[in-house]
Amino acid sequence: MYSSRIFASIGAVTVAALAINVLSAVKVYVLPSKLKRYAHVSADGKHPWALVTGASDGIGRAFAEELALRGFNVVLHGRNQTKLDVVKSELQEKHPETFFRTLVADASKVQCVNCLQGGENESHHPLDFNAIKDALQDLHLTVLINNAGGGARDPVYLSLSDSSEERITDNVTVNALFPLHLIRVLLPHLAQNSPALIMNISSLADAGLPLLASYSASKQFLMTLTRTIDLEIAFSGKAEIECLGVRVGNVTGVSHNRQSPSFFTPSANTMARAALDRAGRGHGVITGHWAHALQQAMMDFMPTFLARIVILNTIRERKEAELKSS
Ligand SMILES: NC(=O)c1ccc[n+]([C@@H]2O[C@H](COP(=O)([O-])OP(=O)(O)OC[C@H]3O[C@@H](n4cnc5c(N)ncnc54)[C@H](OP(=O)(O)O)[C@@H]3O)[C@@H](O)[C@H]2O)c1
């Protein structure tokens, strides 16, 4: 009798804990967006601006469009001026009230120590982050979205030992070092304009996927950076800046996938909307779209050995499909 009461109590506590976990997970996706707290006008009457990196295509372009709809002027960053100009004029036509600006900077060209030691390196032409900061100084910048990035290409799936030094360095630089330095130079500006938002875009691959070593690891770097910057801002106690890491699963309407959206593969616009809807509700790393969160929850629920089998089979299938198509 006594022991059955103990078991019943343990059961009730477990069910309650599970219910609380499920409710707090669901809450993230049903509460309304608080993004508008960053769409404020400055004391001297300047309207808010957002900088979106990698805005010439895919989710970044969708972020730019969605931010324009939500009252922000937008700086469109990319590496290709012609492509950016096309996106700018398309967006300008749709949103005549909004101001758009372009910013060209190749995210793979972060200064490297070897280049410094070797003196002048004609072929490298490293980025000048202070020049980027200066180019934005006149704007009331309140939102930074570090979206530029992605996996290495041609092929996408490649073992670490088969990958060249250049492929790995380039991929890690774009996904990790570029946003790190951009945050470094823009933090004082964002602090001055606070409340402000830094949103860093990651991937479900940040849990670690085979044949995607540099991509998986650099996205995890970005999420640890997000948590660290959040704490550093709190430590300084000087500004109100939300640092939000957004994990993303498969998305369509991007450079490598123009197919129709499906249940687990939302469009770039749906993804951008979902990510922005998660802003303003506290700090941390979240999965931006509920369907991707469901996918992640299914993986988390599986025993580790089974999750490993699923991952290995999925990547094997994708590698085979890539080989066939090439
Ligand atoms: N799509 C997905 O299924 C998916 C899944 C998980 C995570 N994500 C993440 O979501 C973000 C956006 O991906 P996406 O799928 O929208 O990719 P996308 O369609 O290929 O767009 C990537 C954007 O980043 C820019 N970019 C790439 N390399 C750059 C460089 N070296 N310098 C400057 N800009 C550069 C691209 O410029 P160009 O137009 O000149 O190429 C483009 O504007 C990435 O961080 C990616 O890791 C995407």
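**Around Phe-63 and the ligand**

Setting aside neighbours within four places in sequence, Phe-63 is in contact (heavy atoms within 4.5 Å) with Val-52, Ile-145, Asn-147, Met-199, Ile-201, Ala-272, Ala-275 and Leu-276. Keep in mind that this is a predicted model, where local features need pLDDT of at least 70, side-chain atom pairs count only at pLDDT 80 or more, and totals for chains, interfaces and linings use all residues. Residues are numbered from 1 along each chain as its sequence is written, and side-chain values use heavy atoms, with hydrogens and water left out.

**Nonpolar cores**
- Phe-63 turns up again in the largest nonpolar core (buried Ala, Val, Leu, Ile, Met, Phe, Trp, Tyr and Cys joined through side-chain atoms within 4.5 Å; buried is under 20% relative accessible area, 1.4 Å probe, protein chains only).
- That core has 34 residues, and Phe-63, Leu-67, Leu-76, Ile-145 and Met-199 touch the most other members.
- Its largest share, six residues, comes from helix 2 (helices are DSSP runs of H or I, at least four residues, numbered from the N terminus).
- Another core of 31 residues lies apart from it, with Leu-139, Met-223, Ile-241 and Cys-243 among its members.

**Ligand shell**
- There are 31 residues around the ligand (a heavy atom within 4 Å), and Ser-56, Lys-83, Asn-147, Tyr-215 and Ser-255 come nearest.
- Helix 2 (58-69) and helix 7 (213-236) each supply at least two shell residues.

**Polar contacts (N or O pairs within 3.5 Å)**
- A side-chain N or O atom of Tyr-215 sits 2.6 Å from a ligand oxygen.
- For Ala-107, a backbone N or O atom lies 2.8 Å from a ligand nitrogen.

Terms used. A polar contact is a pair of N or O atoms within 3.5 Å; within protein, one must be able to donate a hydrogen and the other to accept it, and residues adjacent in sequence count only if both atoms are side-chain atoms. Buried means under 20% relative accessible area, exposed over 50%, partly exposed in between (1.4 Å probe, protein chains only).
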